[in-house]
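Student: I am new to this structure. Could you walk me through some of the terms used for it?

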Amino acid sequence: MATAAPAHVTPDAGRDVRPLSVEGLTIRFGGIVALQDVSFTVRPGTIHALIGPNGAGKSTCFNAITGIYPPTEGRILLGDKVLTDTPAHRIAALGVGRAFQNLALVGSSSVLDNVMLGRYSLTSGGFLAYGLRLPWTMRAERRHQERAAEICDFIGIAAHLHKPAGVLSYGDQKRVDIARALAVEPTILMLDEPAAGMNSSETAEMAGLIHDIREGLGISILLVEHDMSLVMGIADQVTVLDFGRLIADDVPAVVQKDPSVIRAYLGAEGSQTHDAPAAPASAPHPQPDEKETPA
Ligand code: ADP
Ligand code: MG
């Protein structure tokens, strides 16, 4: 597992890490209000958790930040750039990297090629120039491959670079997905349930990796996660959603004791077992089909 950024990984050099501001965000799907007037700020360089029972609106919020869902009301800014006015395909290039709740890897392609997918949002020539194998694109591609390999090294998957992603363990595939998100050189990394489906030792490793990414790269991390020991152990700030409304936004120690948070999670008990703040739970709200596309 990565412990610190190798000396040659200096992706934070010159990177301007700015706050991500969600301002009065409302998203409706027909009659369903998925998010209702939600505002919070991810401060630069912090690990910020977004939690809440199933159906609370966490993935919808992620989809709004990455431009997949347009807001019904409100806006989202990264520094002074208005993400909600930016086409989805340009948001990654502004510094928003996203890993997915359900793995979005090409199993038959190599780990390196999967991570390279993240680089294409940064290239001016795009897929077509690469497909034509123009000389300048070949030179650029080599540089991008070196960078992708560095990122894999940092994430602890360097040994698997040329293996098909599909043969890796689940935990390592999650790492490849995170490496792909880091390949866009983000200033904010968004992780949707990175520890889902992991046992406790894998979860502890994932917590270590998230911590190392923040320490090593100096970027912000916005994290949706059900595992409360992970969230409360590494988050600087925790925003809690319930039925699309923000019910708490504070440091872990305060959120854990917040009566409305405890109530939301207790109300969620029964349908599924999940960790919630105090003696955590997850939820009864309807679970939509995840609608997510790679950045
Ligand atoms: P979470 O990720 O917190 O579990 P979601 O953001 O996925 O919650 O869902 C929040 C609410 O929005 C749910 O009621 C869900 O059914 C609804 N929802 C999410 N995406 C869509 C969609 N594309 N169309 C209709 N309803 C949706
Ligand atoms: Mg979700």
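Tutor: Gladly! In this predicted model, helix 6 (residues 170–182) packs with helix 7 (residues 200–217) at an angle of about 20°, and their axes are 12 Å apart.

Student: Why are helix 6 and helix 7 called roughly parallel?

Tutor: Angles under 35 degrees count as roughly parallel. The angle here is about 20°, so helix 6 and helix 7 are roughly parallel to each other. Their crossing is right-handed.

Student: Which residues of helix 6 and helix 7 meet?

Tutor: From helix 6 come K174, R175, I178 and L182, which meet E205, M206, L209, I213 and L217 of helix 7. Six residues of this contact are nonpolar, three are charged and none is polar.

Student: What makes the pair formed by an oxygen atom of ligand 1 and the side chain of T60 a polar contact?

Tutor: A polar contact needs a pair of N or O atoms within 3.5 Å. The oxygen atom of ligand 1 is 2.5 Å from an N or O atom in the T60 side chain, so the pair qualifies as a polar contact.

Technical notes:
Residues are numbered from 1 along each chain as its sequence is written. Chains are lettered from A and ligands numbered from 1 in the order in which they are written. This is a predicted model: local features need pLDDT of at least 70, side-chain atom pairs count only at pLDDT 80 or more; totals for chains, interfaces and linings use all residues. Side-chain values use heavy atoms; hydrogens and water are left out. Axes are lines fitted to C-alpha atoms, for helices over the stretch in contact, and angles run from 0 to 180 degrees between N-to-C directions. Helices (H or I, at least four residues) and strands (E, at least two) are DSSP runs, numbered from the N terminus. Angles under 35 degrees count as roughly parallel, over 145 as roughly antiparallel, 65 to 115 as roughly perpendicular and the rest as oblique. A crossing is left-handed if the near helix is turned anticlockwise from the far one by less than a right angle, and right-handed if clockwise. Contact means heavy atoms within 4.5 Å. Ala, Val, Leu, Ile, Met, Phe, Trp, Tyr, Cys and Pro count as nonpolar, Asp, Glu, Lys and Arg as charged, and the others, Gly among them, as polar. A polar contact is a pair of N or O atoms within 3.5 Å; within protein, one must be able to donate a hydrogen and the other to accept it, and residues adjacent in sequence count only if both atoms are side-chain atoms.
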